[in-house]
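Q: Could you walk me through this model?

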Amino acid sequence: MENNVRAILDGLNEEQSKAVQCVEGPVLIVAGAGSGKTRVLTSRVAYLLAGGVDPSRVLALTFTKKAAGEMKERIGLMVGAYKARKLVMGTFHSVFIRFLRDYSESLGYPREFTIYDQSDSVSAVKAVVKELNLDDSVYKPRDVLSRISNAKNNLITVSAYKADRNAIIADTHSRRPRLVDVYERYQQRLKQSGVMDFDDILVNMNILLRDNPQALRDISSRFSYIMVDEYQDTNVAQYIIIKKLSSGHHNICVVGDDSQSIYAFRGAQIQNILNFRKDYPECKLFRLERNYRSTPTIVEAANSVIEHNAGRIPKKCFADGDPGEKLHLIQAYTEQDEAVEIVSSIQKRMRTDGAAYQDFAILYRTNAQSRALEEQLRRRNIPYIIYSGNSFFERAEVKDMMAYFKLVVNPLDDESFKRVVNKPARAIGDTSVKALEQAARELGTTLFRAAFADGLEGYGLRTAAVQKIRTFCAMIDSLNQLVKTMGAFDLARQIADRSGLYELYKSDTSIEGMTRFANVEELVNSVAAFEEERRDEAEGAEDLFTLDDFLENVSLLSNVDITDDEDTNNKVALMTVHSAKGLEFPYVFVTGMEENLFPSQSMLLSQRDIEEERRLFYVAITRAGKAVTLSYAGTRMRNGRHESNSPSRFLREIDSRYLERPIEEENEGFGGSRDALNGFPLRSNPSHRERWTPPVHAATGGHAHQGVPAPSAAAAHAPAAVDPNFVPLPMTEFRTGQRIEHNRFGFGEILEITGKVPELKARVRFDDLGEKLLLLKYAKMRLAK
DNA sequence: AAAGCGGTACTTTTT
DNA sequence: GTACCGCTTT
C-alpha cells in the first residue's frame, strides 16, 4: 500500500502532490494550461482508491467522452482496469442519462426516452414555429432554439419563463413576443415524443433532485467523492446538480482554469469557478502554475495577454528552461498570401527542425477561414485534417440510417418519423405527411400513434395513403419488438434491410452514391464495433448490448471523439480555437489576427465579451509547445466582400519582449503604401510571386489569365478586360494522359478530351473520387507539377 | 422525385 | 463566395 502511494506521487511537483493528497472537503485546483491537470486528476483518483475507497463511490464528471476515456485508461494503468471500470466517470450528460432512466417515469418520460441532437431540435422548433403560424424569418429556428437553450441552461422552465418579466420584455423588444409559446409547445412535443434534447438532460436532472427527495437521497448517497473537470465551463444547471450531489459530504473537487473559460455563449458561467471559494469557505485552493508544455517565452507572452483581463483568480504561470523562440508574426496582403506563408513556414520548419506534419496546428476563429489554408496545403501536397462540424454523423445518409435506429428504439420520435417515412420512396408524399401531422396535432398525439387512429380520411388522407402509412408503422413496430431481445448489430442490419435503405443506397452506382453506401455500411459496422467493445468491457459476462445502448452512446459523441488516430496520423491539424482547447502541438499558427475577426466583431460590444475573446486568444497561444506564429492579412474575402481590418488589438497586448518584431500600429486599410509603414515591409514569398506571374503570351493580350490572380497588390485592383469569347489559354493546354490537380477533387489523370472550344470537356479519373466529366470552361484545375 | 432557380444569410458549438 | 432552403419546374 505504501509503495502504491509512493508510485502515485512519484514525479509530481510539490503543488501537484499536495492537491492529489488533499481528498477530504472542498478543493479547488486552478490548473494553468499545460500544468499537468490530467495527471493530477488521475493521480488523485488513484490515491483515493489506494486509500481503500470503493471506486464505485467516486463520481468524476468531464465534458467530453474523450477526456473521460483517457482518464479512465490512465487510472486503469495505475490501479488496474478492474477497479478503474467501476468508477462512475463520464460526461455530465452520459452519467446523468443513466440516473434519469431509473426515474424517467416519475418525470413523465418513458424509460426508453431518446435524445434529440442539435439538428433534430432545430427541426422540431421549425415545426412548432410553423404550427403556431409564426414567421420563421422573425422566429428563426436556430435563434429561437438558442434562446430556449439559454433558458434551460439557467433552469428557466416554461412557467418560470412566463413569469420572467425581463425575458418577456427582451422578446417583445426583439419582436418575438410569442417566443415563450414556441418554448412551451416545443417542450410539449418533446415530452409527448419521449425525447429529451441535450439541455433537458440537465434540466430534468435538476427537477428530479428538486422534486423527488427519494431520488436525491438515492443518487447522492451512492458517492463519497465527486470530481469535476473543466469547472470553468459549467453552467447554472450543472452547478446546482453538483452542489446538491455533494451537499452530504462536501468532498467536492473541481479542476479548471478561469483563463480558459470560452463557452459563455453556451451558458458557461465563469462565476462558478470564481465563486467556488465563497460557496465553500473551508475550501482548499491549489494553483498549478508550472507549465510543462510550452517554452518560457510562450508562457510569458500568454501571461502578458491574459493580464489585460480583470476578475481573475490570481496566478502566475511559468516554465523553466531555454526561453525558446519569440512569437513569430506573419503580415500578409490577403488571406491567400497568409496561407502561402504559413505553408512555407511549415515546410521550412520541417527541414530545419525535422518536424513532422502532425506537429503543426493551424488555428482560426471561424471555420470559414479554413478554405484559403486548405487550398495552399493541397497545392503543396501537405496532408491535413480539418476538425470541423461536417462530421460523419452529419451526412445525410448517416442521418437517415440513424433516424431509423432512433425511430425503431422510440417510434414516438416525430422528427425521425418525418425524416424516413418516405425514404426510400413509399409513395407517402408531403401531402399525406402534412395531413397526418394535422391529425396528430388535433388528437394531441404523435405521428406514429395518429397513424392508427380512426377517421383519418377526415383529415384528407386517402384510404390508400393510410394503408401505406400503417404498413410503414407496422414495420417499425415489429422492429421495435426486437430492441430488447436482439443484439445491436443484428438489429441494425435488420433495420438497414427491412427499411429498404440498404438497397436504396446500394443501387446508386454513381461515385457519390457509392460513397453514401460506404458511409451507411460504416455506420452499421460501427454498431458491431460498439457491441464488441462493450463485450470486452463486460469481460465475458453474457450481457446483451442493444441498439438503444448504441444510440445513447453515439448521440453524446463529439467531433473530437469521432476523429480517430488514423485520421490524425501525420497530418497538419486545422481547427477553430474552440476545438483546440485541451490539445497541444509543438508548432501553432494562430491566423486571422485582425480586428473584427479575432476579436470577433460581435464581441466588441461589451467588456465581458472582449474578455472572453481574450481568453480564447490565450487558449490559442498556450496550445503551443515550441513556437507560436501569429498571422494577419491586410484584406480578406468575407461574406463575398473584400474587407480590410487593422491588426488585432491582442497583438499589441503581447509584451513586445516576446515578439519577434513590433506590430504595425497604423493601418489605413488595404491599398496604402504599406511597405513604408514603420519600416516593416510585408513579407512576400518569392516562390509565391514566381508562381503567380502570368506567362508573357497571356499578359500581352490585355486579357485576364484564367485562374491567375495578379501578382501584386497594385495590380489586383486593375480591372481586367472582359471578352466573353476569350478562351483562357491554359484550358487548351490539357491533353489526354496528363496529370492534373483540381481545386476540389484533388489529383487525377485526363482520360479523354471531348467537345469543341469553348465547350471542351475532360473525362478525368481522380485518385480519390473516380471518374468525373468536367467542363474545362469551369473546372478549376491545372497541370500537376 | 430530382433538378433548377432565386433569395438569404453567414461566430464559436465539449453535450 | 457559397451553402442552404424552399419554391418551381420537368
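The chat below covers the nonpolar cores, the cysteines and the DNA contacts.

A: One caution on the source: this is a predicted model, in which local features need pLDDT of at least 70, side-chain atom pairs count only at pLDDT 80 or more, and totals for chains, interfaces and linings use all residues. Residues are numbered from 1 along each chain as its sequence is written, and side-chain values use heavy atoms, with hydrogens and water left out.

Q: Which residues have the most contacts inside the largest nonpolar core?

A: Phe405, Phe472 and Leu547 do, in a core of 57 residues; such a core is a set of buried (under 20% relative accessible area, 1.4 Å probe, protein chains only) Ala, Val, Leu, Ile, Met, Phe, Trp, Tyr and Cys residues joined through side-chain atoms within 4.5 Å. Helix α21 (residues 396–409; a DSSP run of H or I, at least four residues) gives the most to this core, with 9 residues.

Q: OK, cysteines: how many disulfides does the structure hold?

A: There are 0 disulfides (pairs of cysteine sulfur atoms within 2.5 Å), and for Cys317 the nearest cysteine sulfur, that of Cys253, is 18 Å away.

Q: Is Cys317 buried or exposed?

A: Cys317 counts as buried because its relative accessibility is 4%.

Q: And what surrounds DNA strand C?

A: Lys126, Arg371, Met637, Asn639 and Gly640 surround the strand, where near means a heavy atom within 4 Å. A polar side-chain atom of Arg371 lies 3.2 Å from a phosphate oxygen of DNA strand C, while a backbone N or O atom of Asn639 lies 3.2 Å from a base oxygen of that strand.

Methods
Chains are lettered from A and ligands numbered from 1 in the order in which they are written. Buried means under 20% relative accessible area, exposed over 50%, partly exposed in between (1.4 Å probe, protein chains only). A polar contact is a pair of N or O atoms within 3.5 Å; within protein, one must be able to donate a hydrogen and the other to accept it, and residues adjacent in sequence count only if both atoms are side-chain atoms. Helices (H or I, at least four residues) and strands (E, at least two) are DSSP runs, numbered from the N terminus.
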